[in-house]
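Student: Please take one residue of this model and look at it closely. Then work outward from there, in one connected account, to the parts around it and to the chain as a whole.

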Amino acid sequence: MKKLDKYNEKRNFNKTNEPNGKVNKKRSKKLRFVVQHHIARKDHYDLRLEFNGVLKSWAVPKGPSYNTKDKRLAVLVEDHPYEYRNFEGCIPQGEYGAGTVMIWDEGYLEYINDIPNDFNIKSIKFILKGKRLKGKWTLVHFKEDNWLLIKEKDEYNEFKNIKKLNTSIKTNRTMQEIKEGKNKKLKTSIKDAVIENIKITNPDKLIFKNPNITKLDIAYYYHKVSKRMMPYIQNRIISTIRCPDGVNGDKFFMKHLNSENDGIGKIKIKNKSNKKEDYYYIKDSRGIISEVQMNSFEFHIWGSNIDKINNPNYMVFDLDPDEKLNIKKLRRGVKDLKSILDKLGLKSYLKTSGGKGFHVVVPIKQKMNYRKFRKTSKQIVELLEEEYPDLYTSNMRKAKRKGKIFIDWVRNTKGSTSVAPYSIRLRDKCSVSMPISWKELDTIKPNEITMEDAINRIKKSDPWKTFFD
Ligand code: MN
């Protein structure tokens, strides 16, 4: 019997909205747990702990208790899919588990003892890092499917009476409201939703699903990285990608802005037909948060600052491979480009694109206009093309014909943009275009750095520290 067969057998997915049983094959960096309050034939709580790609599940009739003297019966039930942790709603009458399910708590999990794969073990000790359940807990196996859930002594023992917590940790709804299918209530804590003096409305709006990332999570991320990000984005004309309905909804590429917003400046630039148009730029870190408030989450920058609008100082080469190209060849391309730049005496810096490729960025001190800047960047790629004619090309069309890597220099043109360092990407998964060190080229994939990783990374030394030297 396969892992989730029991789960799937019990359910008719044409009738219930519960997720189909699939084993999560990705190895989670951090394990998750969920507690669902489930009013079915009997009122109970379901404790689910991530283990080898599924959620090991126990039905706990009385629910968890912070009292170390309480031994709460916990009955081991069939494994649930990893996705089940996001399920809140109704299971229709006549179906297995018919009733209402609320996500009562969720968070991360650490096992203290080693758990064998066959789960044949007397007791499981673990730490919960949830919003309501915290600290050390133990599950003791006593017979057949029967276990006891016990709180261990630690600093959390004086915790509140959790029985009184009767709303969803995720949507703030009561059981009755879930049953009636009411939409999720926004948490009303204004304080939580003010970042850098910018009020974030609809803070709980989901922008990404799986993992769930809200508008407030993104605002918080940019707040955290703004010090590192500002030198690259401040006083540069930007365009942003706006998606008011999340990444799966419509996306708008914003080049112009009509409203007045904190931390954002406007500048008039002549377009190709000599007509002046309003462009905009970030004046200070509040500007980034203002953009997030307007549902703009991805930032693209010009090659020049607004005070020297015709003298670009940020040259970027984008190695964006087509799907068939393996990452080894891509990395080789990045290295070959770097060695050409080294030979030319140009310092260069590396970042992930947050998508499929890498970006090599060259700070330009020499005063040149956009025409010269563009030509120089093209010549650099042509040098590479001469040295390795079968590997690289400066011509997008040739790349398609012969399977070579096209090194995109074309964005080094007035009015063109490239994604800003530290910007998130509005792809299926939320990853960051992250400055990394040259040493990391061989170990980091272009789309693997998450917002959380980025926040941890900026605590360490800055791989682009010398960028403006
Ligand atoms: Mn249940």
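Tutor: Start with N202, which counts as partly exposed because its relative accessibility is 36%, a value between the 20% and 50% cut-offs. The model is predicted, so everything below describes a computed structure. N202 sits in the loop that runs between β11 (198-199) and β12 (206-208). Its backbone is what sets it apart: phi is positive, about 50°, although the residue is not a glycine. Most residues other than glycine have a negative phi.

N295 can be put beside it. This residue also has a positive phi, near 70°, and is likewise not a glycine. It too belongs to a loop, here between α4 (285-293) and β18. The two asparagines part ways in exposure: N202 is partly exposed, whereas N295 counts as buried because its relative accessibility is 11%.

The loop of N295 leads into strand β18. That strand covers residues 296-305, and 10 of its 10 residues are buried. β18 has two partners to note. With strand β14 (residues 236-242) it pairs in the antiparallel sense over 6 bridges, and one of the bridged pairs is R242 with S296. With strand β24 (residues 418-419) the pairing is again antiparallel, over 2 bridges, and here I301 is the bridge partner of S418.

From the strands, turn to a helix. A219 is a residue of helix α3, and it counts as buried because its relative accessibility is 0%. Its C-alpha atom is 8.0 Å from that of I200, a residue 19 positions away along the chain. Leaving aside residues up to four places away in sequence, A219 touches I195, I200, I289 and V292.

Next comes the interior. The largest nonpolar core has 85 residues, and the members that touch the most others are I218, Y221, Y222, I233, F317 and I424. Helix α3 (residues 215-233) gives the most to this core, 10 residues. The core lies between domain 2 (193-308) and domain 3 (314-457), because both domains give residues to it. Y222 shows the arrangement at the level of one side chain: beyond four places in sequence it touches M229, I288, I289, V292, F297, E298, F299, Y422, S423 and I424. I289 and V292 therefore appear in the contacts of A219 as well as in those of Y222. There is also a second, separate core of 28 residues, whose members include Y66, F119, L139 and M175.

On the domain 3 side, consider the sheet. Six strands make an open sheet with mixed pairing, in the order β22-β23-β19-β21-β20-β27. At its edges are β22 (392-393) and β27 (435-436), each pairing on one side only. Inside the sheet, strand β19 (residues 314-319) and strand β23 (residues 405-408) run antiparallel and are joined by 2 bridges; D318 has D408 in β23 as its bridge partner. Helix α5 (residues 327-343) packs on this sheet, touching β19, β20 (349-352), β21 (358-363), β22 and β23, and its direction makes about 10° with that of β21. Helix α6 (residues 370-387) lies across β19, β22 and β23, at about 40° to β19.

The model also holds a manganese ion. Its protein donors are H38 (ND1), H44 (NE2) and D46 (OD), at 2.2 to 2.3 Å from the ion. Along the sequence these donor residues follow the spacing H-x5-H-x1-D. Both histidines, H38 and H44, are buried.

Finally, the chain as a whole. The domain assignment gives domain 1 (5-180), domain 2 (193-308) and domain 3 (314-457), and the C-alpha centres of domain 1 and domain 2 are 39 Å apart. The protein contains 8 helices and 27 strands. Its C-alpha atoms fill a box of roughly 75 × 50 × 45 Å along the principal axes. Of its 469 residues, 50% are buried. Among contacts with a separation of 6 or more, 62% join residues 24 or more positions apart.

Note on methods
Residues numbered from 1 in each chain as written. Predicted model: local features only at pLDDT ≥ 70, side-chain atom pairs only at ≥ 80, totals over all residues. Heavy atoms only, no water. Core = buried A, V, L, I, M, F, W, Y, C linked by side-chain atoms within 4.5 Å. Buried < 20%, exposed > 50% of the residue type's maximum accessible area, 1.4 Å probe, protein only. Helix = DSSP H or I, 4+ residues; strand = E, 2+ residues; numbered from the N terminus. Domains from an automatic or database assignment. Contact = heavy atoms within 4.5 Å. Donors = N, O, S within 2.8 Å, 3.2 Å for Na, K, Ca; no water. Pairing = 2+ DSSP bridges. Axes fitted to C-alpha atoms, helices over the stretch in contact; angles between N-to-C directions.
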